[in-house]
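Dear colleague,

I am handing over the structure we spoke about, and the notes that follow it are meant for someone who has not looked at it before. Please read them with the structure open beside you.

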Amino acid sequence: MATAQSDWTVAENDARREKGMKKSVTAKDIAKLCGVSQATVSYIINNRSDQKISSETRRKVMETIEALHYYPNASARNMRTKNCTSIGIVCARDYSRQAFLDALTGISGFLSRLDYTITIFNEEDAASTQEEHQYVKSYFSGLIDGLIYISNRDHDAFIRPALAHSIPYVVLCMDGVFSGKSPTPHAFDLALRDCARFCRDKGLRDIRYFSIDNDGLFVNNKYPVFLNALTEIYPEARLSHVVCASTDRNLEEMQAFLSDYMEHNIFQLAISQNYDIGLILQREILKRGFSIPQKIKNLFLNHVNFYEMAYPSISGIHVPYTEMGEYAAKLIMAVIAGTEDCFPYQEFQCRVVHRESTI
């Protein structure tokens with residue numbers, strides 16, 4: 001512990017701990033211990049270069065701040081500067097958990113370096129259609145500076161509240177990252193075309209595309225995009241859309257449905273977009289005869305790292321969500337600052353990863 005913390009402070013903190021009280025250190029406490037003004041403490045905390053402060057004083061103040069675990073009051077600072085230090089994250093209901101966490105890692109990693117926090121909102125955070133979304137209220141209350149939408153389906157409908165209220169926003173999706181000014185990316189769609197070419201090159205004509213209807217919501221629905229790609233690239237293929245209805249993603253329901261379907265149908269390639277279905281399909285394929293190469297190949301149209309650890313490992317699509325998240329954080333800051341016109345647009349690449357289930 002730094003020597004700047006006086007015996008009086010140590011004794012007081014010990015006494016407060018014995019009474020179960022929390023000691024909130026203030027800038028005034030720091031100034032008193034260091035023998036400087038409260039304004040000097042503020043200048044040092046905010047790294048003001050226009051103030052003449054000796055290196056020894058800066059060192060003493062910073063050591064005291066570290067020793068006493070002092071954190072400036074963000075709300076008070078926001079009131080003074082008329083700015084907030086948080087970005088709202090709005091995640092679509094049909095986004096996969098790993099994708100969300102990977103994207104969040106990239107977003108928070110960059111924003112934390114700017115002393116920004118994140119505030120997470122539910123896609124359906126309004127109690128009724130008559131009420132404003134909570135993130136709209138938060139923006140006009142000065143709690144957030146802008147929004148990053150983590151989207152997977154109808155982007156136009158998803159971002160409509162931000163457009164209606166002129167809220168700075170960025171969209172992060174499977175295809176990449178874009179704003180109101182940048183072009184819409186197509187990285188994942190290009191990867192689906194690679195999947196269609198794989199089917200053609202391997203002569204896999206009988207294909208089943210498995211989707212889950214989760215209480216009326218088609219999770220990660222990319223069937224129309226894949227159908228168009230396959231029709232153009234491999235028109236000889238016979239593609240069928242198999243929809244598994246489920247109540248709240250009930251695994252027992254999915255297991256029973258897929259087991260029955262696999263028992264009564266013959267095909268060459270199973271394609272899925274929900275990670276639960278991908279694992280169940282692999283198990284059902286192996287139940288009907290373990291072999292590598294697999295008699296029925298299994299291709300997962302999403303990004304799940306733990307599929308690599310399964311045996312046989314399951315093929316999928318790598319989506320650089322962490323890198324996308326960091327880029328989205330940089331882009332939203334440029335949008336907020338009004339410097340987006342000078343911001344370098346970045347394309348991302350999704351790639352098909354072939355593992356043991358498609359070799």
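**Two cis prolines**

Pro312 is found in the loop that runs between β10 and β11, the latter covering residues 316-318. Please keep in mind throughout that this is a predicted model. The peptide bond that joins Tyr311 to Pro312 is cis, with an omega of about -5°. A second cis peptide bond leads from Ile292 to Pro293, where omega is near 5°, and Pro293 itself sits in the loop between α13 (275-287) and β10 (297-300). These bonds are worth pointing out because most peptide bonds are trans.

**The chain as a whole**

The chain contains 14 helices and 12 strands, and 47% of its 359 residues count as buried. If one takes the contacts between residues at least 6 apart in sequence, 69% of them join residues that are at least 24 apart.

**Two residues with positive phi**

Most residues other than glycine have a negative phi. Asp115, although not a glycine, has a positive phi of about 60°, and its place is in the loop between α6 and β2, a strand that spans residues 117-122. Asp115 is exposed, because its relative accessible area of 55% is over the 50% cut-off. Ser166 is likewise not a glycine and has a positive phi, here of about 55°; Ser166 lies in the loop between α9 (160-164) and β4 (169-173). With 60% relative accessibility, Ser166 counts as exposed.

**Two helix pairs**

Two packed helices are described by the angle between their axes and the distance between the axes. For helix α6 (residues 97-113) and helix α14 (residues 321-337), the axes are 7 Å apart and the packing angle is about 45°, which makes α6 oblique to α14. The crossing of α6 and α14 is right-handed. On the α6 side the contact is formed by Ala99, Asp102, Ala103, Thr105, Gly106, Ile107, Phe110, Leu111 and Arg113, which meet Tyr321, Thr322, Gly325, Glu326, Ala329, Lys330 and Met333 of α14. Sorted by class, the residues in the contact of α6 with α14 are 8 nonpolar, 4 polar and 4 charged.

The other pair is helix α2 (residues 27-34) with helix α4 (residues 55-68), whose axes come within 10 Å and cross at roughly 125°. That angle makes α2 oblique to α4, and α2 passes α4 in a right-handed crossing. From α2, the residues Ile30, Leu33 and Cys34 take part in the contact, while α4 contributes Lys60, Val61, Thr64, Ile65 and Leu68. The residues in the contact of α2 with α4 divide into 6 nonpolar, 1 polar and 1 charged.

**Two buried residues and an exposed one**

Is Ser182 buried or exposed? Ser182 is placed in the loop between β5 (176-178) and α10 (187-202), and at 16% relative accessibility Ser182 counts as buried, because the cut-off for that class is under 20%. A polar atom of the Ser182 side chain lies 2.7 Å from the backbone nitrogen of Ser179. If residues up to four places away in sequence are not counted, Ser182 touches Glu340 and Tyr345.

Asp276 has its place in helix α13, and at 14% relative accessibility Asp276 counts as buried. Which residues is Asp276 in contact with, leaving aside its neighbours within four places in sequence? They are Arg249, Leu251, Met254 and Tyr307.

Leu143, by contrast with these buried residues, is exposed, with a relative accessible area of 55%, and lies in the loop between α7 (134-140) and β3 (147-150). Leu143 and Ser86 are 57 residues apart in sequence, yet their C-alpha atoms are 6.8 Å apart in space.

With best wishes

Notes: Residues numbered from 1 in each chain as written. Predicted model: local features only at pLDDT ≥ 70, side-chain atom pairs only at ≥ 80, totals over all residues. Heavy atoms only, no water. Helix = DSSP H or I, 4+ residues; strand = E, 2+ residues; numbered from the N terminus. Buried < 20%, exposed > 50% of the residue type's maximum accessible area, 1.4 Å probe, protein only. Polar contact = N/O pair within 3.5 Å; in protein donor to acceptor, adjacent residues only side chain to side chain. Contact = heavy atoms within 4.5 Å. Axes fitted to C-alpha atoms, helices over the stretch in contact; angles between N-to-C directions. Parallel < 35°, antiparallel > 145°, perpendicular 65-115°, else oblique. Left-handed = near helix turned anticlockwise from the far one by under 90°. Nonpolar A, V, L, I, M, F, W, Y, C, P; charged D, E, K, R; others polar.
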